[in-house]
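I opened this entry to look up one sheet and one chain contact. My notes follow the structure.

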Amino acid sequence: MFRVSKSFFPLPSARMGTAALLLAPVAIALLAACTPDNAQSTFGTAGPIAEDQANLFKFIFWIAAVVFVLVEGAVIYAAIRYRRRSDSDKLPYQTHGNTKLEITWTIVPAIILIGVAIPTLAQIWGQQSGVPDDLGEVLNVEAIGHQWWFEFRYPDHEVITANELHIPVGRPISFKIVSQDVVHSFWVPKIAGKVDMVPLNDNFMWMIGSEVGTFYGQCAEFCGIAHAHMRFRVIVQTEEDFQAWLDGMHTAPDAPAPGSPEAAGQQLFAANCSTCHTNNSTSPGSYAQEINTQQARWNGWISDTENSLIVSAPNLTNFGDHITLGAGLKDLNQDSLVAWITDPSSIKIGTRMQKHAAIYRTPDGELRPDGKPGLSESEISDIATYLLSLKPGSGSGDDTADSPDSGSVDGAAVFATNCTGCHSTGDDTKIGPGLAGVGERAASRVQGLSADEYIEQSIREPGASIVPGFNNLMPPWGHLGDDKIDALVTYLKTLK
Amino acid sequence: MANLWRKLTYHRGNGWWNLPHTASQEADPPYEGPIGGAWLGNIWRTVTHGGVSHAGPGFYWLVGLFLGVITLLEVWLFTLQGLGGLYIPILLGLSTMKFVAVVAFFMHLRFDGRLFTYIFAASMIIGISMFSLLLLLQQFGNQVQ
Amino acid sequence: MTTKALTFPRLFPRPKAEWGIWSWIGTVDHKRIGTLYGITAFIWFLIAGIEALLMRIQLSSAENTFVGPETYNQLFTMHGTTMVFLVIMPLSAAFFNWLIPLQIGARDVAFPRLNALSFWIFLIGSLLINAGWVTGDAPNGGWFGYAPNSGIDYNPGLGMTYWAIGLNLLGVASIAAGLNFIVTILNMRAPGMSMFKLPVFTWMTLITSILIVLAMPILAVAGIQLQTDRLYGTNFFNPLGGGDPVMWQHIFWLFGHPEVYILILPAMGIVSEVLPTFSRKPLFGYPFVVFAGIVIAFMGWFVWSHHMFTVGLGPAANSAFTISTMLIGVPTGIKIFNWIATMWRGNIRLNTAMLFSISFIAMFTIGGLSGIMHAAPTADAQQQDTYFIVAHFHYVLVGGSLLGIFSGIYYWWPKFTGWYLNEKLGIANWALMFIGFNIQFAPLHWVGLDGMPRRIYTYAENMGWEGTNLLASIGGFILGLGVLIFMINLVVSRIQKRVAPADPWDGRTLEWSTSSPPPPHDFDEIPQVEYRDDFWFKKYPETIAEYYGHGEHDQTVPSGAQVDDDTDEESMPVVSGGAYGHDAGEHGHDKIHLPDMSYYPIILAIGLGIFGIGFLTHWGVIIAGAPVFIWGLFGWSMEPVNDPETKTS
Amino acid sequence: MATNVTQAPPAEKYTPTEQHARIVDFEDTSTGLNSRKLLMWTFLGSDVMFFGAFIATYLVYRGRSLNGPYPSEILNIPVTSVSTFVLLMSSLAMVLGLYYVREGEKNKATLWILGVVLLGGVFIAFQVVEFRIFVIEGLTPKVNIFGTTFFILTGIHGAHVTIGVIWMAFLAHGSHTGRLRADNALDLEIAGLYWHFVDIVWIVIFTVIYLISANDGPPPGAELLHG
């Protein structure tokens, strides 16, 4: 037995205690309502859309509050005033009703509801039927939901980024809201209410960010195991900063100094990560290419959701400029990035990266038992260092080798960037077969196909003929484009 | 016209808030078959006055013939292929006629307790209006601006 | 009607046990079936409550790792599904079963064996839907299973298949029960009881049953479509094959919104019985309460898209559904005002049942008002899928339905069992539940407006949601403690066993005219009804004029009864004439024949259950289950309701 | 011998025991309507929503198949017209069967009920053959959204017909052996309500899926939807 001392838990009387308990939720509620500073508070608005929505809510709330007080007051009053005193079983007047009263309390609420409906309808048409013409130049953005991250495309500026949406302050942004897989919801509480991202049903919304700053967004529709971790940031910038950012997205980083960790990381990234992550969408034409690539990655995943070695993944162009990691989960720095690469699930349970990326699998295609990638700690650190170094460079260091416009494509470079994750140039098996001597073998593999045709088919449709002893894990690579594939075939035939 | 409408909607069932009766609780008038005299008049009375007379085989054969003819007409309209925008409304009208004929005469709603009609009609009304609304939403909703 | 019965070879003799487990397995007695519903649903209630508490523990602090996301997803999916389909609906069904025949003066429901079948299918369906907890594959797609996240591509494993098939079985059970109650209420009323003399609870049951019968088939369609998508690769909701995920949402909410009224209308009926009894006044504005119920039931079909305001249906659709949604608030308001007017100038006994009913009005009002807030689509854009919505529908379903059901339990317990529940423990139960409920769900409004989406298994520390969530979790445990007190109350009261008379509360409706608990045949004599609240006016004839008014209403022989006089009265099942309330002993009970017991309902239900398992596993199981099903079906259809030999007694 | 057998005999005939048995058999009811018949009608109201939801699904998805075979390539109106006619005539047989059962003309009644079974069986046979041909021609429930909605809707309707045929077969047997007589013609009437309902559902399906959709080809811009 123990007693709670009175000074510790002062309750003057039982009745007061009950009253305090009843009032507690109300008090807490009112206190909580005064927290517009919270990251996703719908009251601390930073844009006209959210502000109007909050105002409409407050308008209805105060009407409801009046009704609430009247109704609850009547309930409590009736219960107390007309409670039975002593044990009298006196019969009250057995009234059957009152038609005038009934008509009154049918019409009065109806009038109140009309009063609520009029501003509501006005706001629906104001917010949902297109961007008003008089608000200035509209910026078009496509927001795409993926399990479990957001992709943002600026079609007018040919820029793609992920999880961090940059918008200029005060300008109307018109969104095309798209989902690639399941239903998500696009929501930046302080700037605008949510709109669902529904596959096959592209939606529209618009918003204006009226304050410079970084705002939180989050997926609001249950979308699977990592729903809680599907977040993003909206970075509202001045017009100049925004233009600078756009220019930066078209400026390749400076090439790393040979022998530096960045250079090592670049090689490792190209070999192990670039199947799913593009990190160089800076050159002209790369926008269209990335859209195709992203689609091809997704097609590869959906064709074999369990064993696919490819998934759609965030574009990491100029990743060093990002402020968060893992769809808005952690602040981005060397430590968090190393932790992420080492064990993504420790930060974001359910992420597709660990399940599908080849680097987390053994050569047999099985998941590695420890869940860690097949890289040393220093290699992981190099990759992280490299990624953090991805910032707009001086503008002279364009890596033209990857540009689809360049006249000559280096097959070896294409191979290093795209294939070395699974294929060695020797005889050894990484995940796919080693490719030494493939040119000789290819000619005799399938009746009626020359070596060129066979290799090209194996790149475009890997499932068409599988080398005995291997599973069909390879995604189709047709999205590389004819030039690169031709170069690749030429290069592969040189391997001895 | 109004007179015909009244005749067609005439129903001798009682209001169901109290205790309506079925037609079966009253003796049927003797059946006058197709050869028994004024059978066309009898059929007309069946259609217009519901439960006053129970229908007989002749009447059922006539309804069956009606159903067959309408079906034939529908298929003919299909092969015609020249009705344009009228095609669907006409077909819907024809199938509604078949629908009503089966429900009213084969399922005896014309002769039976009114409550059955209420129940079936209520669910048809709720179903049709709700699903039509759904079709409207699916047709015109989800438009990207 | 002495048709020579077709015979079907019996494997077992027809059950006749009056005690023990076989008396329950073979029972067709509406009261026993009501008890079975009640007990089963209460067990699921405890399980769903535990699921809720596990979620509350997980959310009580930021970045908590008490349960992982997969478990959490299963918990909220099954908490929602269980509370809706396995708790509130069957608890309502328990009241329907117990009370409808008693309130309309009948000896049983219209189809006693169908009634038993409903229960057994419900039981098997509920086990199937929860089977995932045993196989480690519990459903995890949310209680409205939005496609394509519930489809096979994104949700491999058996979980959502259990869910779809279990829901289909529950749908069959609900439709069968709904049909049964519609026919019972329309056809089995005591002589003189016209529709506008029905007790309001019976009215709400009729409306609920109509909604069940019309809404559940739509859920069945959704379930079948999801099932064929998952099992046979059809394209209903598969975007790759041209299927439209929005279509799932439409079909689900076409069912889902009427379902909301299926959940709340029975509680409204209960409250409409409890308030008049303990205010010692008739229900204020009876016809308006009834018509409000009918209007809600009709308009409830045309508001479903307010669940989809953020889906992007366009401003025209959103405006239309805004208007219809706000309009439906009007009849709801009429009910609330009439309940308050019922209490007004009454002589109110504030016992547990009454306190629960009063809390129902108070809490349901809050739920209704927050409902108006997200009837505005643009405001809803900030609220949809946040904890504000969670708070709203818990105020409606816990503060509304569950408090109403608890009120009904305290009110009718003496009738069900013949003894009272303990009042002191009852008040404690009410206080803890009421306070715990408010501490749990009031803060969730604000954490929702603070931007916390629902269905997230954890949240970051810097979001500012921690304190409110902790408070809500504490409230949840207080609510749980209230339920624990209720269970203690059951035990304590059983030990104390304070015997209740037939009419412990000075009640108004027919169920109080028979003994507590009622005999198997319910009424020794079928009552002859003259008035609304007939039992009350028979007890207090001096109040008839007050209620019916002078002059305008000559209701001593109501219009409905006049018809009886001509034709039906003689053939009515009156064992011998006289007013009801007559001493039972004078008339031998052997003259009253109840439907005989039957084991075919449970066999048929098992057959259906095997089919369900067959869909989940292998078609061979379906073939194996067919004989059971056919045995049940044919045995049933060829078994007379009463065995011929018993008629000769 | 045209006796009006559905009429309730005067009440005095019954002992109290029999009277209660009559209650259990649902003869005397508050509405004066038979409870089993009321049950069937209410069930049909419920089934309206069931088929309504499937038909609405079909209509929403009409013309939204991303790839063939499209309805215009596969539906065979003349053949389906015949099966539609067969089903309509089965309803006629049904109502005549009921008439003769009520009239007590056992042989005619048995014949007509057997006619229902036969015509229903022919309809199912048509449907089975149709499904087989469609599958051979490349339309399966998996192949596109038309296949999905078509097969599930008509398949579920076919299942209803099959249940009806089995039910009717037992009633035909009952009529033949003399168990189905004028005094329990209600058994047949209720089965008949079910049968006619299945028929009217087919009237809608035939119009909506077959006649109206038979010219549907690829939707405009089907290839764009792929993106």
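I began with a pair of strands in this predicted model. E9(A) and strand E10 of chain A, residues 231-237, run antiparallel. I found six bridges joining them. I looked up one of these partners by name: A:Gly213 has A:Val236 in E10(A) as its bridge partner.

Next I asked which strands form the sheet, and in what order. There are three, in the order E4-E10-E9 of chain A. The sheet is open, and its pairing is mixed. Why is one side of E4 and of E9 left without a neighbour in the sheet? Strand E4 (164-168) and strand E9 (213-218) of chain A stand at the edges, and each has a single partner strand, so one side of each stays free of a neighbour in the sheet. I also noted the turn between neighbouring strands of this sheet: 25° on average, with direction ignored.

Then I looked for a helix against these strands. Helix H4 of chain A, residues 239-248, lies across E4 and E10 of chain A. H4(A) runs at about 130° to E4(A).

Last, I turned to the contact between chains. On chain A, 84 residues are in contact with 89 residues of chain C. Which elements give two or more residues to the chain A side? They are helix H1 (14-33), helix H2 (48-81), helix H3 (99-128) and strand E7 (192-197) of chain A. H3(A) gives the most, with 16 residues. I sorted this side of chain A by class as well: 50 residues are nonpolar, 25 are polar and nine are charged.

Notes: Residues numbered from 1 in each chain as written. Chains lettered and ligands numbered in written order. Predicted model: local features only at pLDDT ≥ 70, side-chain atom pairs only at ≥ 80, totals over all residues. Pairing = 2+ DSSP bridges. Helix = DSSP H or I, 4+ residues; strand = E, 2+ residues; numbered from the N terminus. Axes fitted to C-alpha atoms, helices over the stretch in contact; angles between N-to-C directions. Contact = placed C-beta atoms within 7 Å. Nonpolar A, V, L, I, M, F, W, Y, C, P; charged D, E, K, R; others polar.
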